[in-house]
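Trainee: I am new to this structure. Please take me through one part of it closely, the packing of its helices, and then show me how that part sits in the rest.

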Amino acid sequence: MVLQESDLPQKLISRHRRNQSQHNVVVTGAAAFEPLAEVKGQHVNVTKISESGKKQRKNWTWMWTELNSEQLLVYKERQQETGPKAGGKTDVVPLCGAVIEWTKEKSSRKNVFQITTHTGSEYLLQVDSYSAASKWYDTIRKAIDSSTKPDGGFLLRKSNSTEYLPRHSSLPGHSSASPSAKQRNPAHRRSINMFSSSKLKHSSSDSSDKNGVRNRLKKFITRRPSMKTLQEKGLIRDRVFGCHLSTLCGREGTTVPKFVQICVDAVDKRGLEVDGIYRVSGNLATIQKLRFIVDEEEDLDLDHSQWEDIHVITGALKMFFRELPEPLFPFRFFQSFVEAIKIKESKDKIQAVKKLIQELPKPNKDTMKLLFVHLHRVLAFSRKNLMSTQGISIVFGPTLMWPELDAGNMAVNMVYQNQIVEFVLIESEYIFNLDRK
């Protein structure tokens, strides 16, 4: 219903929600506009892809759609003359403050346009006929422009919310509002300010939290004790397996690691006559258990029944040498030993190898002497343990020496490793001056 200026009440219409719900009028001023007439309904493909900014799954539906000056009405069932069909669902698309635009990115269908409401909900509409789609687009755009036109009058709609409060006041005797959106709606301006303030506080809080975490981490890193301090307090213990030989011997105050010594003693005591000694592998789980006890510096008694399998002890000893950061034959001596083993003359070869061993660091030299003297005793029982110099060299060659960088041929290096160990084992009496004991 359209009221003429002569029919306007002298009092302002109340903005109370109850009063709003009882009126459905369009108030026009001096610069009034003619509201759009309702257009005839038509079936249109419609899908809602977002509701209040929250994305939804695209689901096109062939729906009966009608348009009036204020809103787009979408029915899943065709509207009858007396109203919507009983049980049919109706979706109301408010056009006040909405935006309409053609889109090709949101759908592969042709003739698709999008309506975005002021609440952030998004609808896609599509008609196969371009002319029909254009007609819908133009009519809806005009409806949107009319509802948001600066001089479009004082619109009052049925609503239970304040989102449709009048934007302009063109009633007689009252001054018009400023075109500025902030001045037109102070409540909206306050809500925006509150939201912005809250967002700024949120951002400031997040930034301060991140800075606080960063500062705490910096303090922790700068104040954390050194490795030496932790070791002195007993919080961190140096391991036996994987520890550099000179470091381990320096910590123990010896030139031969204690673990190597007790393993050699155990094999000398009850393993020299065992078939396949050092060649046969022990139970890996038991070997790892032994390793853990040694690393934790717990009391170790190899005569205990849990270590009755001598192959577990020999396996742990071989693992110790394999896990040294630098092998028993140091990296810098690897190529020198290879050149020495290539010497044709036996006497010169022995002298060259003996000289190189004498130049080794004392922990390496003493540990090597202990091990090879022990292996020489193993060979003395070769008829019972069935171990030969070649068999022992195959086991201990890659265990006691390897190049720092495997740049060469691995197979060739392995040949040299076995030959060097075998040669030292055969000539151990002369190389280590065993005849002078």
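Mentor: Start with two helices, α7 (residues 258-270) and α12 (residues 362-380). They pack at an angle of about 10°, with their axes 11 Å apart. Axes here are lines fitted to C-alpha atoms, for helices over the stretch in contact, and angles run from 0 to 180 degrees between N-to-C directions. Helices (H or I, at least four residues) and strands (E, at least two) are DSSP runs, numbered from the N terminus. α7 and α12 are therefore roughly parallel to each other. The cut-offs are these: angles under 35 degrees count as roughly parallel, over 145 as roughly antiparallel, 65 to 115 as roughly perpendicular and the rest as oblique.

A word on the model itself. It is predicted, so local features need pLDDT of at least 70 and side-chain atom pairs count only at pLDDT 80 or more, while totals for chains, interfaces and linings use all residues. Residues are numbered from 1 along each chain as its sequence is written, and side-chain values use heavy atoms, with hydrogens and water left out.

Back to the pair. On the α7 side, the contact (heavy atoms within 4.5 Å) is made by V260, Q261, V264, V267 and D268. On the α12 side, T367, L370, H374 and R377 take part. The residues of this contact of α7 with α12 divide into four nonpolar, three polar and two charged. In this scheme Ala, Val, Leu, Ile, Met, Phe, Trp, Tyr, Cys and Pro count as nonpolar, Asp, Glu, Lys and Arg as charged, and the others, Gly among them, as polar.

Now follow α12 to another partner, α15. These two pack at an angle of about 80°, and their axes are 9 Å apart. That makes α12 roughly perpendicular to α15. From α12, the contact uses F372, L375, H376 and L379. From α15, it uses V421, V424 and L425. The contact of α12 with α15 has six nonpolar residues, one polar and no charged.

α15 also helps to cover helix α10. α10 spans residues 331-341. Its F331, F333, F334, F337, V338, A340 and I341 are buried. Buried means under 20% relative accessible area, exposed over 50%, and partly exposed in between (1.4 Å probe, protein chains only). The buried residues of α10 cover an arc of only 160° around the axis, which puts them on the same side of α10. The arc is that of the directions from the helix axis to the C-beta atoms. What covers them includes α11 (346-358) and α15 (410-426).

Helix α14 has buried residues too: I392, S393, V395, F396, G397, T399 and L400. Their cover includes α9 (310-322), α12 and α15. Just before α14 (389-400) comes a loop that links it with α13 (382-385), and L386 is found there. L386 has a positive phi of about 60° although it is not a glycine. Most residues other than glycine have a negative phi. L386 is exposed, with a relative accessible area of 55%.

N111 also has a positive phi, near 60°, and is not a glycine either. N111 is found in the loop between β7 (99-102) and β8 (112-116). N111 counts as buried, at 14% relative accessibility.

Next, one residue in helix α8 (residues 284-295): R291. Leaving aside neighbours within four places in sequence, R291 is in contact with F241, M319 and E323. R291 and I313 are 22 residues apart in sequence, and their C-alpha atoms are 9.9 Å apart in space.

For a strand, take β6 (residues 90-94), where V92 lies. V92 is partly exposed, with a relative accessible area of 39%. Not counting residues up to four places away in sequence, V92 touches Q71, L72, L73 and Y123. The C-alpha atoms of V92 and V74 are separated by 6.4 Å, and the two are 18 residues apart along the chain.

Finally, the whole chain. The protein chain has 16 helices and ten strands. Buried residues make up 39% of its 437 residues. Among its contacts between residues at least 6 apart in sequence, 62% join residues at least 24 apart.
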